[in-house]
Amino acid sequence: MADFGYGLTPGKGINLDDCNSDLFQKIVERSPDILKCIACGSCTSTCSGSIFSRVSFRRSILLLERGENREALNTLKGCMLCGKCFIICPRGINTRDIILTVNQYYKKELL
Amino acid sequence: MIADVLIIGGGPAGLESAACISEFGHKAVLIERESQLGGHLLKWDRLFPDSIPSSQFCERLTGNTGNSKVITNSNILSIKRDNGRFISKLTTGESVESKTLLMTTGFALFAAEKKQEYGYNLYNRVITNSDLEDIFKKGTVTGTEKPAKIGFVHCVGSRDEKACNRNCSKVCCVTAVKQAIELKEMFPESEIFCFYMDLRMFGRGYEDLYLEAQTKYGIRFIRGRVSEVSEDINGNLIIKAEDTLISKPVRITLNLLVLMTGIIPDQDNSNLIQQLGVKLADDGFVYSPDPLYGSGKTNIDGLFVAGSVTGPKTLPEVINEARSTSLEIHNYLISKD
């Protein structure tokens, strides 16, 4: 085959056919609040850590749902559990509870 | 006083119903708590999406109430059912005996000061959509110089469990776009930013208005809900949000902030609702037992509704509903004769 000078870069896109949401489903069972997110971004904008690190609760929920577990955990790493996002969330999502649940399951799975 | 229908509320729904019921040949009495007819129309300057003056539309409605008797500055003091008829005592001292009752009591705007993080009533340069219409009516912003940077916050008290209103208020998206365009016309040098969660341009001509706001007026739309507003030493406002499409927190200094307050049930009617035993839905608006086929009906025989008393609606929807409920009332009245 002719070499056109292009290579395939794996891992950039999300293939929903292969995405593994098993862990997300486990979290849903424990903290069904996670399904309520409307991605308004209030949590990230009010987050004390978000301007210094990549922490974004909204983004991590989406990543978990899409099966991008490792990136989700990275996105939550800077969280200090201050609870400001819980106060601001218009859907009243118990963010703290979800973050702790994520921690419990994912630490085991990803280590 | 004896009537076929007692209409409670002299806004667009009540006024159009009064005209229709008269046309059907029934006797209607319309009561309004304020001194002037028109309801929320009186507070608005121009109407979306075609910028028709609110006063013009209001005059058209108030000029045609048929043979209905109109009583302003009047509220219901007490109401009871006697032999299938409604006996209503008014605050003006009159008593009305009617075969049916039509609630067109409308809605209330969410009290923006309840969202303390937005600083309404704390910071001078934070105003509401309703205050802005006042400014448009007067044609000037008093107290401040020309604002160079202006922001709009969508969904204030809407889609917000903390504000006890989970629902979308439906008409604020297009109202914000309309008001942003009007402000840009008033201050052509200004930069305008709209902070939204979702833009719901569902009606005819709304999407065109949105496109015009983007292209002709250069209004910028940022997808993210404002989380905090604070004031700096010069009285300017510092706004924090997340630009969710870029996934980065944003910060901006503005000279004027407009809060798009949402539509909530009017608590002033709770007395009436209690006395009659009207069933409310979870959202606090009047419950519709037959929402697809009989939107004018309630859980009480002989009590009808039209307009925003059953949730946020656009003006054409309110007018159409007033007409359809009037027809329902007409059919009810002839079935009882």
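The following exchange concerns a predicted model and considers chain B and its contact with chain A.

Biologist: How compact is chain B when set against a globular protein of that length?

Modeller: Chain B contains seven helices and 19 strands. Its C-alpha atoms fill a box of roughly 65 × 35 × 35 Å along the principal axes. For 337 residues the globule rule gives 20 Å, and the radius of gyration is close to this, so chain B is as compact as a globular protein of that length, with a radius of gyration of 22 Å.

Biologist: What percentage of the residues of chain B count as buried?

Modeller: A residue counts as buried if 20 or more other C-beta atoms lie within 10 Å of its own. Applied to the 337 residues of chain B, this criterion gives a buried share of 45%.

Biologist: Which element supplies the largest share of the largest nonpolar core?

Modeller: This core has 49 residues, of which B:Ala180, B:Leu257 and B:Leu259 touch the most other members. Several elements of chain B each supply at least two of its residues, among them strand S11 (149–156), helix H4 (172–186) and helix H5 (206–215). The largest share is eight residues, and they come from H4(B).

Biologist: Which residues are in contact with B:Ala180, leaving aside its neighbours within four places in sequence?

Modeller: B:Ala180 is one of the three core residues that touch the most other members. With its neighbours within four places in sequence left aside, the residues in contact with B:Ala180 are B:Phe152, B:Ile192, B:Cys194, B:Ala213 and B:Ile219.

Biologist: How many residues does the second, separate core have?

Modeller: Among the members of this second core are B:Leu276, B:Val278, B:Val318 and B:Ile329. The core is separate, and its number of residues is 40.

Biologist: Why do the buried residues of H5(B) lie on the same side of the helix, and over what arc?

Modeller: The buried residues of H5(B) are B:Tyr206, B:Leu209, B:Tyr210 and B:Ala213. What covers them includes H4 of chain B, whereas B:Asp208, B:Leu211 and B:Thr215 are exposed on the other side of H5(B). The buried residues are on the same side because the arc that they cover around the axis is only 100°.

Biologist: Is strand S15(B) largely enclosed or largely open, and how many of its residues are buried?

Modeller: S15(B) pairs with strand S14 (residues 228–231) of chain B in the antiparallel sense over four bridges. It is also joined to strand S16 (residues 248–254) of chain B, again antiparallel, by seven bridges. S15(B) is largely enclosed by the rest of the structure, because the number of its seven residues that are buried is five.

Biologist: Which residue takes a positive phi in the hairpin of S15(B) and S16(B)?

Modeller: In this pair of strands, B:Asp243 stands opposite B:Lys248 in S16(B). The hairpin has four residues between the strands, and the residue with a positive phi, near 65°, is B:Ser247. In the hairpin of S14(B) and S15(B), which has five residues between the strands, a positive phi near 85° is taken by B:Gly235.

Biologist: Which element gives the most to the side of chain A that touches chain B?

Modeller: In this interface, 17 residues of chain A are in contact with 15 residues of chain B. Helix H2 (42–46) and helix H3 (57–65) of chain A each supply at least two residues of the side that touches chain B. By class, this side has six nonpolar, eight polar and three charged residues. The element that gives the most, with four residues, is H2(A).

Methods: Residues are numbered from 1 along each chain as its sequence is written. Chains are lettered from A and ligands numbered from 1 in the order in which they are written. This is a predicted model: local features need pLDDT of at least 70, side-chain atom pairs count only at pLDDT 80 or more; totals for chains, interfaces and linings use all residues. A nonpolar core is a set of buried Ala, Val, Leu, Ile, Met, Phe, Trp, Tyr and Cys residues joined through C-beta atoms within 7 Å. A residue is buried if 20 or more other C-beta atoms lie within 10 Å of its own, exposed if 12 or fewer, and partly exposed in between; C-beta atoms are placed from the backbone. Two residues are in contact if their C-beta atoms, placed from the backbone, lie within 7 Å. The radius of gyration is taken over C-alpha atoms; the globule rule is 2.2 Å times the number of residues to the power 0.38. Ala, Val, Leu, Ile, Met, Phe, Trp, Tyr, Cys and Pro count as nonpolar, Asp, Glu, Lys and Arg as charged, and the others, Gly among them, as polar. The arc is that of the directions from the helix axis to the C-beta atoms. Two strands pair if DSSP finds at least two bridges between them.
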